[in-house]
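Here are a few notes to help you find your way around. Keep the viewer open as you read.

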2 protein chains.
Amino acid sequence: MVAGDQAVAPNSRSSSLQPLLDLVGADLKRVNALILEHMQSSVPLIPQVAEHIIAAGGKRLRPLLVLAGARLVGVDNDRPLALAACVEFIHTATLLHDDVVDESDLRRGRQTAKAVFGNQASVLVGDFLFSRAFQLMVADGSLAVLKLLADTAATLAEGEVHQLMTAHDTATDEEVYLQVIRAKTAVLFAASAEVGGLVGERPQTEIDALRGYGENLGMAFQVVDDVLDYLPEAESRGKALGDDFREGKLTLPVILAFQAGSEEERTFWKRCLEEGEQQEEDLSHALTLLERHRALDRAKERAQAFAVEAHRALEAFPPSDAREALKHAVDFTIDRLF
Amino acid sequence: MVAGDQAVAPNSRSSSLQPLLDLVGADLKRVNALILEHMQSSVPLIPQVAEHIIAAGGKRLRPLLVLAGARLVGVDNDRPLALAACVEFIHTATLLHDDVVDESDLRRGRQTAKAVFGNQASVLVGDFLFSRAFQLMVADGSLAVLKLLADTAATLAEGEVHQLMTAHDTATDEEVYLQVIRAKTAVLFAASAEVGGLVGERPQTEIDALRGYGENLGMAFQVVDDVLDYLPEAESRGKALGDDFREGKLTLPVILAFQAGSEEERTFWKRCLEEGEQQEEDLSHALTLLERHRALDRAKERAQAFAVEAHRALEAFPPSDAREALKHAVDFTIDRLF
């Protein structure tokens with residue numbers, strides 16, 4: 001599953017997204033209006049399915065990155081609005097296809113589009129939203145942006161296929177895991193942050209810094225998401241405990257526990273994840289093994305290292321409200337763990 | 001199912017595609033090399049799945065239209081080659097997704113990618129090829145071509161969703177059927193023919209004529225394909241008799257027979273197509289009803305009317321080898337019925 005944006009629970013420590021919302025919240029409203037406008041079609045099932053997944057919420061992290069990245073480098077026209085919608089359409093299309101691939105019936109604690117409308121509608125409406133994304137880019141007219149997002153889309157698909165190949169395979173190591181999440185998650189964060197630099201025709205060093213920020217934020221975000229899957233506290237935030245375990249996914253916590261595990265423990269992981277033979281008590285045993293090898297803590301440390309890199313990338317820019325807000329977004333990502 | 005290009009049987013009347021192959025066969029070889037090159041990826045499952053469907057053959061009708069359309073208007077550079085590959089990638093991506101949607105295990109008498117590699121790989125490799133198509137367009141660099149093909153991709157997806165909504169619905173009339181096949185099939189033929197006009201920066205009248213040719217050819221092609229589904233002779237050409245019937249599709253022959261049918265006959269169609277309750281002898285009864293109401297002949301007449309329009313569109317151009325070859329392609333499409 002690509003990391004979905006969990007709904008923000010009231011009174012959680014989600015307040016660190018607030019600076020980003022203070023900065024570009026008005027623009028985000030206009031982006032939401034564009035999203036609604038461009039998901040319309042004369043074929044009524046299309047807006048129905050699209051609304052199910054788009055209106056379901058999520059924090060619009062990627063559009064926020066587009067808007068704030070553009071603000072950071074001084075873009076003062078409306079071009080980032082349509083491109084923010086475009087990035088959200090690409091993300092939504094991958095979520096729709098991902099649910100078919102994961103055979104998931106729940107996302108963010110709600111029924112998936114696939115569960116409500118079926119595989120067929122999810123595949124085809126995903127294709128439609130993906131096409132709409134390209135129509136929005138064409139209307140913007142920048143070949144540099146088109147190249148960035150066409151390359152990004154190809155990498156996303158490669159990452160998803162790579163993940164499919166590594167699912168159920170306990171030979172997956174940390175290096176392969178990082179390759180997969182970089183491709184399936186971090187490149188879209190990277191591209192979202194980079195878009196503003198291209199629109200503003202900024203020097204390559206600034207474009208690289210924006211990209212480095214987004215990519216490291218995306219890496220931290222996905223590692224955190226994979227840790228949350230094994231945290232009972234996270235259930236209150238709309239994530240079901242152990243989904244990845246039940247689907248046989250080799251995420252970082254499991255990879256770390258497997259590698260540090262005894263022969264007997266490895267046999268357990270193989271039975272549960274490779275052979276898919278799970279009994280009810282297995283998840284609780286898995287949690288014990290993760291604890292025994294400090295696998296969740298060690299994964300959190302990896303996430304924090306990416307967060308540090310994201311902060312460092314922003315040092316390329318002089319202090320500003322936009323820079324502060326983007327830094328807070330990094331902290332927000334990590335804070336989901338605590 | 002989007003009309004696939006059935007493999008050409010030896011000694012069939014397929015000879016009328018020969019003028020097109022004589023005209024641009026050398027370029028088509030280079031297009032095939034580009035297709036092979038651009039379906040590569042560091043993720044090995046991608047070329048495996050892509051090769052299964054792309055190398056399976058088909059006549060490359062859409063790339064042929066790109067090449068011959070460009071030749072017709074005097075384009076003498078290599079740009080149409082990459083755009084021909086791009087159009088084939090879009091077509092292939094829709095086939096991969098279509099097989100998931102249709103739940104088909106056979107296409108052109110071969111196992112579908114879905115049957116061999118599963119739904120998940122078919123969805124994701126389809127996404128990858130679709131992204132590759134946009135990368136090829138971006139490398140070409142024409143915003144006019146990008147706009148044409150992004151719009152086309154959105155319409156294709158709308159057509160597929162519209163078809164999904166009309167499947168199993170005997171209230172589907174000829175007008176809705178024509179809307180669906182125009183969107184899911186004819187627009188990609190139209191765009192393929194139009195590309196050359198855009199690359200050659202020809203006057204709008206010529207671009208419209210190319211588009212009119214491709215669109216009418218595509219309409220004829222899909223109607224013929226839907227008739228072939230009910231012709232036992234077509235089985236020798238790799239198409240299984242009655243696939244659409246078994247899948248509950250409301251194609252033109254059934255629509256014509258349903259509308260002309262008695263109350264009892266309509267009850268039969270509803271049971272078989274809406275309720276999906278079919279016994280073994282039902283297909284043969286369906287063929288009897290199609291015969292009784294001349295439904296296949298009447299559908300053929302519709303296909304021929306589109307063929308006439310395709311020919312007429314070409315009259316906008318002076319006589320040439322390219323024009324003759326494109327006319328022969330129309331005849332070839334219709335000749336599949338005889």
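1. A definition to begin with: two residues are in contact if their C-beta atoms, placed from the backbone, lie within 7 Å. By that rule, 36 residues of chain B are in contact with 36 residues of chain A. On chain B, the elements that give two or more residues to this side are helix H2 (45-54), helix H4 (79-102), helix H5 (113-140) and helix H6 (143-166). Helices here are DSSP runs of H or I, at least four residues, numbered from the N terminus.

2. A word on the source: this is a predicted model, where local features need pLDDT of at least 70 and side-chain atom pairs count only at pLDDT 80 or more, while totals for chains, interfaces and linings use all residues. Residues are numbered from 1 along each chain as its sequence is written, and chains are lettered from A in the order in which they are written.

3. How are the two chains related? A turn of 180° with a shift of 0.0 Å along the axis lays chain B on chain A, with an RMSD of 0.0 Å. That is the relation of a two-fold axis. Copies are superposed by least squares on C-alpha atoms of residues with pLDDT of at least 70 in both. In chain B, Val123(B) comes closest to the rotation axis, at 3.6 Å (C-alpha).

4. Because 100% of the interface residues of chain B are also interface residues in chain A, the copies meet through the same surface.

5. Do look at helix H8 of chain A: 20 of the 25 residues of H8(A) are buried (20 or more other C-beta atoms within 10 Å of the residue's own).

Note on methods:
A residue is buried if 20 or more other C-beta atoms lie within 10 Å of its own, exposed if 12 or fewer, and partly exposed in between; C-beta atoms are placed from the backbone.
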